[in-house]
Structure formats: C-alpha cells, structure tokens
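Visitor: I have a model open and would like to learn how to read its sheets and pockets. Where should I begin?

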Amino acid sequence: LIPGNVETFVGYDQTENDVKITRIRKVDSKKDGILYQIVLDATPFYPEGGGQVGDKGTLVSANDTIDIIDTKKENNLILHFAKQLPENIEASFVAKVNTDLLSSTSKNHSATHLMHLALRTILGTHVEQKGSLVNPNYLRFDFSHFSKVTDEEIRKVEHFVNTRISAQLQLVEHRSIPIQQAMAAGAMALFGEKYGDNVRMIEFGDSKELCGGIHVKNTGEIWHFKILSEGAVAAGIRRIEAITGDAVKNYFTQQETDLDAIKENLKNPQDTLKAVVALQDDNAKLKKQIEQ
C-alpha cells in the first residue's frame, strides 16, 4: 500500500491512461496458481459487474509489459489480475484496455438494453431481468416469462432491436443523477439491486436503464442483432442467448457455407428446400417398404 493516493475509475471516458500502482496483493488461486492483484490510481479498466465481464489489457512501462488477465471489484477497490509483477512497481505505467474485446462487449451490452425493452414491449411488462452475462462473444439474458417464446415473437424481438440499431440512436448518459429523478424519467431498475442516492442512467431512444456498464456511443455500431437460442432455465424463467457485430457476420458466413454444402450434396437443385423435402419423402416411402 502506497499511502496518500486516491483511486478512481476513468473508463467511461478513456481506454488508456497514465497510471501509478498504489497497492499490490499476492494470492494463490486454485485455477490460475499464483496471481497478483494490482490497484492503480486512475484506471480505465472496467471491473466485472452488472453482468459485464471485467476488462483485459496491458500495463506498459519503459522496461515492462504486464498482461492484465481480468479486472474485478472488491471493497470499492478495482483489482487488476496479473500473473507477474513489473520489475519496478514504483515506475510510471500506461494502462491500456484491449479495445477489440471491449468494443464487442459494449455492443452486446447495449443490445441487451434494447432487447430488454423489446421483450417488455412484445411479451408484456411482467418481463423482468433475472440475470445477464455480457462478454465479447455473446450476450445471455434471463427473464421472467410463463411460456416458451414463439418463433414469431423471437422474429418480432429481433426486428424491434434491429430497427433501433438502424435508427443510429445516440447514447445519452446521465452520469450521476438522483435516483428519484431517474425513476421519474422512467428508468428500469433491477429488482433486488442495491442503488445509491445517485445513479447512472443509460438512454437509447425509449430504452432507459440504471447501469454502470460500458456502452456504444451510437446503436449503429452494433451492426446487427441475432438471437441464437431461447429456452427454460427454471420455472417461470427463460433464457435468451444472442450475438451482435462481427459474431453475426461470422454466423451469416457459416450459414452460407452450410447451405452451399447442402446444395452441392443435392447436386445443386434450383430449389434447395423442395429438394430436401423430396429427399425426406423418398426416405419415408423407402422405410415403409422395408417395414412391409
């Protein structure tokens, strides 16, 4: 512990910052072995919270580059996890967030807000968030609902979200406002969450939520939203997994590759669906003949 330093978070405004190390703790984790928890005076690294995973990145000095493999919060301190310490802990460092990972995560986080509004609009206001995970690869959202979400409802949710992505809605961030003001403005608060007197409210058009996470500046950055799965996780609780951005591009590319392979195996028919149905019909007839 280096006394006299005030530790702050600057990640809403920057992904890179000049920093000094203020505290260090050595821990023995069962999963990763010996790890070091490093605290910085003014970090741009977002700590895991509100469903969003912690940032990864590097701490760079004149002589050293240390990989930050995770960021978490404990007792109001932001802890940066590393497998090694820099040679000189009193040196000046540049803290650099991995912006590729953060960009993908922020797209998924902003899409989660839009989807939450879509579900409440399409399925009903009984829908409440019961859990979420936002990472660079996909988003996962648990919510209260009494029946399976139909294919038509899923299409409506996708359309609702993608319409708002196409509308290129600007992020309106209220960094620190009284909670009563946020609630009066119609902000969604999560049941069971503890909020302080002052809160941060994130707005994208008619989507308003209390949230501490990192978001896109404009919904157009999300590019596209696609639901991959919907299912039950408990009585009255459903789960949706979805993707955005580059993950959707990769998904569409894979779908195209699969369709091309099917066409090739069916000797490139003019109507692929008809050819598959005909194949299934033939199969059913042959099975019947074998049984007879």
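Guide: What follows goes through two sheets, the helix between the topics, and two pockets. Keep in mind that this is a predicted model.

Visitor: In what order do the strands of the three-stranded sheet lie, and how are they paired?

Guide: To read a sheet, list the strands across it and then look at each pairing. Here the open sheet runs S13-S14-S15, and its pairing is antiparallel. Strand S13 (172-178) and strand S15 (207-210) are the edge strands, each pairing on one side only. On average, neighbouring strands are turned by 25° against each other, direction ignored.

Visitor: How many bridges hold S14 and S15 in register?

Guide: Four bridges link S15 to strand S14 (residues 198-204), in the antiparallel sense. For a landmark, take Glu-203, whose bridge partner in S15 is Lys-208. Helix H1 (residues 99-122) packs on this sheet, where it touches S14 and S15; the direction of H1 makes about 115° with that of S15.

Visitor: What is the strand order in the four-stranded sheet?

Guide: The order is S11-S12-S17-S16, in an open sheet with antiparallel pairing. Strand S11 (129-134) and strand S16 (225-234) each have a single partner strand, so one side of each lacks a neighbour in the sheet. From one strand to the next, the twist averages 15°. H1 packs on this sheet too, touching S11, strand S12 (139-144), S16 and S17, and the direction of H1 makes about 25° with that of S12.

Visitor: How do I follow the pairings across that sheet?

Guide: Go from one edge to the other and pick a bridge in each pair. S11 and S12 are antiparallel, with five bridges, and a hairpin of four residues joins them. Gln-129 has Phe-143 in S12 as its bridge partner. Next, S12 and S17 run antiparallel and are joined by six bridges; one landmark is Ser-144, with Ile-237 in S17 as its partner. Last, S16 and strand S17 (residues 237-244) are joined by eight bridges, again antiparallel, and Glu-230 has Ile-240 in S17 as its bridge partner.

Visitor: Which way do side chains point along a strand?

Guide: In a regular strand they alternate between the two faces of the sheet.

Visitor: Is S12 largely enclosed or left open by the rest of the structure?

Guide: Burial is counted residue by residue, with buried meaning under 20% relative accessible area. In S12, five of the six residues are buried, so the strand is largely enclosed by the rest of the structure.

Visitor: Now the pockets. How much space lies in the largest pocket?

Guide: Start with volume, then see what lines the space. The largest pocket holds about 970 Å³. It is lined by 37 residues, and those closest to its centre are Tyr-12, Tyr-46, Gly-50, Cys-211 and Gly-212. Elements that each supply at least two lining residues include H1, S11, S13, S14 and S15. By class, the lining has 13 nonpolar, 16 polar and eight charged residues.

Visitor: Which residues are closest to the centre of the second largest pocket?

Guide: That pocket holds about 290 Å³. Of its 17 lining residues, Gly-11, Tyr-12, Ile-214, His-215 and Lys-217 are the closest to the centre. H1 gives the largest share of this lining, four residues. The lining divides into five nonpolar, seven polar and five charged residues.

Notes
Residues numbered from 1 in each chain as written. Predicted model: local features only at pLDDT ≥ 70, side-chain atom pairs only at ≥ 80, totals over all residues. Heavy atoms only, no water. Pairing = 2+ DSSP bridges. Axes fitted to C-alpha atoms, helices over the stretch in contact; angles between N-to-C directions. Contact = heavy atoms within 4.5 Å. 1 Å grid on protein atoms, 1.4 Å probe; cavity = no way out; pocket = protein on both sides within 12 Å on 5 of 7 lines; lining within 4 Å. Points joined across faces, edges and corners; volume = space filled by probe spheres on them. Nonpolar A, V, L, I, M, F, W, Y, C, P; charged D, E, K, R; others polar. Buried < 20%, exposed > 50% of the residue type's maximum accessible area, 1.4 Å probe, protein only.
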